[in-house]
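The following account leads through one structure, from a buried helix to the nonpolar cores, the cysteines and a group of strands. The reader may wish to keep the structure in view throughout.

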Amino acid sequence: MNLIGIRRQEIKLINFLTEWLKGDHTERQIVLMISLMVGVCTGLTAFVLKWLIEEVKTLLTSELAVENMNLLYLVFPAVGILLSLLFVNYIVRGDISHGVTKILYAMSRGRSRIKSHNRWSSVIASAITIGMGGSVGAEAPIVLTGAAWGSDFGKRFHLPPKTLMLLVGCGAAGAVSGVFKAPIAGLVFVLEVLMLDLSFSSLLPLLVTSITSVCVSYAFYGTEPLFDFSLNKAFSIDIIPGCIVLGIACGLVSLYFTRAMNWFEGIFARIQKKRYKFLLGAVVLGVLIYFFPVMYGEGYDVINQLINEAPEKEIMHNTIFYGNESNLLIYLGLVLLLKVFATTATNGGGGCGGVFAPSLFLGCIAGFIFANLWDMGFGLTMGDSCYVSPKNCGLYGMAGLMSGVMHAPLTGIFLIAELTGGYDLFVPLMIVSAVSYLTINLFEPHSIYAMRLARKGQLLTHDKDNAILTVLNLESLIERDYQPITVDMPFNKFVSTIAKSHRNIFPVVASSGKLLGVVSLDSVRLYIFRPELYRQYTAGQFMKDPPAVLLVNDSPKVAIEKFKETKAWNLPVVDEEHHYLGFVSRSGLFTSYRETLIKFSQE
């Protein structure tokens with residue numbers, strides 16, 4: 001069956017389910033049934049994506065000799081980025097990068113409406129990118145895919161924005177649960193990273209989606225944890241100082257990763273032409289993977305090797321370090337410093353992926369390096385009780401980097417415990433995650449996902465005031481029934497305009513449409529009843545500058561600040577070129593605020 005036939009069958013099935021659900025069911029029942037379907041869809045999509053990545057990677061690299069460096073590592077990533085770029089530009093015709101950031105934006109500004117093509121476009125683009133060597137993770141694309149499923153089902157039933165937001169969260173939770181076989185981490189991820197408020201009415205749909213998605217994954221992959229891990233050194237109180245220092249180190253590595261990524265992304269942003277972005281991304285990524293093949297793809301193979309104490313030479317396949325196992329820490333240290341550039345080059349050049357897997361990859365390496373250095377230093381001077389296990393510290397580091405980069409300590413704790421079955425390590429995981437989170441918070445108040453939106457004032461948060469002001473749209477509050485006048489309008493004509501208007505402010509607008517000033521009714525009140533003066537004045541002679549001017553792209557929070565500063569009741573709104581659009585009133589703004597507050601407070 002071709003793709004068109006599959007698409008038709010999908011539409012028929014979805015339409016059938018839609019009509020059945022629209023039967024005699026309450027909205028709560030509909031949401032629960034939709035959350036079940038979203039769980040099935042995200043679980044299947046996660047399986048398809050992981051399978052595609054492994055098939056492409058195996059096809060390209062399984063026959064490569066491991067002893068020598070291979071020039072194909074220069075070629076595969078570039079071809080992957082190019083194919084992904086062509087797919088996005090000519091088939092999708094849209095932007096599918098920064099998946100989690102897009103979800104945050106959709107929840108805060110777009111009323112949780114995500115384009116339907118994200119149900120499949122992110123899967124194809126990321127499978128091509130990662131399978132051919134892109135140094136990114138599949139989790140952000142699959143989270144965007146899951147959110148698109150939730151949004152699409154919600155739109156079909158014309159559900160209100162708050163319910164639509166919940167279904168988007170269900171899709172994201174199902175994606176994380178399915179791809180990692182970690183239902184608790186999926187639930188916590190939505191609460192911490194997507195900042196969805198938890199209530200009794202939202203908990204059950206999130207649980208249904210997470211459990212359903214992970215059961216689908218169990219059906220395909222079995223119930224074993226994603227990483228094969230066996231505990232050989234239990235937690236003891238003697239290693240708490242080491243865990244605290246590791247947490248600080250993870251926080252600093254997270255800060256480096258975040259700042260370096262933002263800096264390198266800025267370089268790509270300044271390049272206007274896509275072909276030059278592609279060339280820069282392809283060259284940087286190809287060179288890095290040529291010298292450091294462990295950066296190829298998601299890097300989960302390397303994590304498995306480190307936490308299972310695989311021979312060092314396996315980690316250094318196809319490198320100049322092969323056969324020199326004593327240089328393992330130097331090799332991993334270079335990877336720790338350079339991985340961020342490979343990840344940014346992949347996305348900046350046109351590939352599709354996220355920072356979920358790179359965070360886990362770097363966390364494991366950071367923990368492994370730390371354990372070896374700690375044991376060589378403090379362990380030798382303070383006795384065997386202070387030794388820390390490198391494989392255990394690999395897990396601690398994974399939780400620490402996730403906590404720092406994503407500002408999600410609980411997600412890091414539960415994800416690592418579920419990924420490895422290492423529930424006996426809960427205490428050190430909690431220590432490292434908490435310390436890492438506190439460390440990076442001294443420098444960066446927002447996660448790598450949220451900082452782009454936070455700079456623009458578009459970030460939805462748990463703070464009800466900020467959340468409501470973020471959801472409100474200033475353009476929707478513009479009142480356009482004010483009568484514009486011109487500078488040279490005769491006063492008698494202006495009086496006629498006043499008689500027809502129910503407003504007491506009149507914007508003065510140039511022939512080009514630009515706002516010149518305003519005339520208030522108070523300023524001309526004494527002249528209205530003296531017709532003998534009409535011929536002596538024009539409207540422009542009474543014009544004054546407005547107390548402040550709002551830009552159409554200003555946030556409601558900015559508008560409130562300007563109202564407070566000027567004590568005005570009405571402020572004009574203009575576009576970027578200062579063209580007059582209308583007025584926003586203080587009463588209209590606070591009425592919308594109150595209505596939105598009521599919606600947020602409803603269960």
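**An enclosed helix and its surroundings**

Helix α17 is largely enclosed by the rest of the structure, because 10 of its 12 residues are buried. The model examined here is a predicted one. The helix covers residues 409–420 and reaches 17 Å from its first C-alpha to its last, close to the 16 Å expected at 1.5 Å a residue. The buried positions in α17 are P409, T411, G412, I413, L415, I416, A417, E418, L419 and T420. Just after the helix, G421 adopts a positive phi of about 70°.

Three of these buried residues lead to the nonpolar interior. Leaving aside neighbours within four places in sequence, L360 is in contact with L415, I416 and L419, and also with F180, Y300, I303, M398 and M402. L360 belongs to the largest nonpolar core, which has 126 residues; together with F180 and F189, L360 is among those with the most contacts inside that core. Helix α15, spanning residues 356–382, supplies the largest share of this core, namely 13 residues. Apart from it lies another core of 15 residues, including I485, M489, V524 and F542.

The cysteines may be considered next. The model has zero disulfides, a disulfide being a pair of cysteine sulfur atoms within 2.5 Å. For C393, the closest cysteine sulfur belongs to C243 and lies 6.5 Å away, so the separation is too far for a bond. C393 is buried, because its relative accessible area is 2%. C41 has a relative accessibility of 17% and therefore also counts as buried, the cut-off being under 20%.

The last element to follow is strand β4, at residues 570–574, where five of five residues are buried. From this strand, N570, P572 and V574 point one way, while L571 and V573 point the other way; residues on both sides are buried. Strand β3 (residues 550–551) runs parallel to β4 and is joined to it by two bridges. Within this pairing, L550 has V573 as its bridge partner in β4. Strand β5 (residues 580–585) runs antiparallel to β4, with five bridges between them; here P572 stands opposite F583. β4 and β5 form a hairpin with five residues between the two strands, and H578 in the turn has a positive phi of about 70°.

Definitions and conventions
Residues are numbered from 1 along each chain as its sequence is written. This is a predicted model: local features need pLDDT of at least 70, side-chain atom pairs count only at pLDDT 80 or more; totals for chains, interfaces and linings use all residues. Side-chain values use heavy atoms; hydrogens and water are left out. A nonpolar core is a set of buried Ala, Val, Leu, Ile, Met, Phe, Trp, Tyr and Cys residues joined through side-chain atoms within 4.5 Å. Buried means under 20% relative accessible area, exposed over 50%, partly exposed in between (1.4 Å probe, protein chains only). Helices (H or I, at least four residues) and strands (E, at least two) are DSSP runs, numbered from the N terminus. Contact means heavy atoms within 4.5 Å. The expected span of a helix is 1.5 Å times one less than its number of residues. Two strands pair if DSSP finds at least two bridges between them.
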